[in-house]
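I opened my notebook to look up how one sheet is put together and what packs around it. Here is what I had on screen.

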Amino acid sequence: MEQKQTTTQPTTAPAVQGTSQNATALRKKQEDVSTQVLDRVNEMEQAGALTLPKGYHAGNALKSAWLYLQTIEDKGHVKAIDTCTKGSIANVLLEMVIRGEYPMKHCYFIPYGNQLTFMEKYTGKLMRAKRDTEIAEVNANVVREGEEFVYTVDAKGVLQLVSHKPTFQTMAKPIVGAYAVVVNKDGSTRLEVMTMDMIQKAWNQGGFGDRDRQTGAWNQGGFGDRDRQTGAHKNFTDQMCKKTVIARACKVALESVSDRDDDDMPKPQAT
């Protein structure tokens with residue numbers, strides 16, 4: 001009896017083809033968005049509405065941002081690049097370039113529904129403050145229960161540090177607040193002070209706290225449960241308090257510069 005031979009067809013081809021198509025679509029989307037943002041940046045530069053910082057390469061920043069963007073997930077662990085609109089992605093990338101920042105180093109991208117939003121880290125604020133304002137340095141410390149902390153208001157109405165006397169014995173005491181001494185390039189100083197209650201409110205609002213998690217936008221504490229503090233806030237409270245008061249001090253300085261503050265900066269118009 002003649003035996004029939006059956007041939008098993010490969011079952012992996014469709015999957016490989018689908019992966020290839022997805023990669024092609026992703027690459028096309030990257031090219032479209034990156035070109036759109038770079039064109040907009042060039043238009044703003046030619047119109048005199050934007051001057052990029054010396055040594056800042058928009059193209060390199062956009063490449064880094066696109067790689068970072070592919071790692072971001074929303075609350076349901078869906079890739080932000082698949083759910084967020086192309087227009088919102090372009091706007092966030094443009095905002096990053098306008099500020100002369102790099103992703104993760106200076107800012108985060110946070111998905112909110114189908115919109116990608118821009119979140120600046122305290123490092124971004126500090127970098128811009130040193131670059132665009134009279135700030136030379138910002139030194140922060142926490143104040144713990146039982147420590148002597150004295151500050152005053154000078155003749156110009158500016159807060160100034162008088163003294164802070166921490167001790168070895170108070171290092172394990174609860175934190176009651178934090179402060180930052182802002183040293184300007186002309187040698188003048190000013191003080192930024194926040195109580196622990198003010199710091200907690202800032203963390204709950206997500207306004208000044210740093211997103212110290214690397215596992216996706218949602219886990220970085222972006223939009224979502226504002227009242228939930230991250231592990232970094234609980235385990236490294238002193239460092240997070242310092243970052244928060246530094247961010248606030250820099251924000252005040254940046255908003256005082258009329259030609260470079262957030263309200264007067266050229267607004268992203270990419271769609």
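I began with the pairing of β3 and β6: nine bridges join these two strands, and they run antiparallel. Strand β6 covers residues 175-184. I picked out one facing pair here, with R144 standing opposite I175 in β6. A reminder to myself that this is a predicted model.

Next I looked at the sheet as a whole. Its three strands come in the order β3-β6-β7, the sheet is open, and the pairing is antiparallel. Which strands stand at the edges? I found β3 (135-144) and β7 (189-195) there; each has a single partner strand, so one side of each is left without a neighbour in the sheet. I also noted the turn between neighbouring strands, which is 20 degrees on average, with direction ignored.

Then I checked what packs on this sheet. Helix α6, residues 196-205, does so and touches β6 and β7. The direction of α6 makes about 80 degrees with that of β7.

Last, I followed one residue of β7, namely M194. Is M194 buried or exposed? With a relative accessible area of 2%, M194 is buried, because the cut-off for buried is under 20%. I then asked which residues M194 is in contact with, leaving aside neighbours within four places in sequence. My list reads G177, A178, I199, A202, T244, V245 and R248. I looked up R248 once more: it lies 54 residues from M194 along the chain, yet their C-alpha atoms are separated by 9.1 Å.

How values were computed: Residues are numbered from 1 along each chain as its sequence is written. This is a predicted model: local features need pLDDT of at least 70, side-chain atom pairs count only at pLDDT 80 or more; totals for chains, interfaces and linings use all residues. Side-chain values use heavy atoms; hydrogens and water are left out. Two strands pair if DSSP finds at least two bridges between them. Helices (H or I, at least four residues) and strands (E, at least two) are DSSP runs, numbered from the N terminus. Axes are lines fitted to C-alpha atoms, for helices over the stretch in contact, and angles run from 0 to 180 degrees between N-to-C directions. Contact means heavy atoms within 4.5 Å. Buried means under 20% relative accessible area, exposed over 50%, partly exposed in between (1.4 Å probe, protein chains only).
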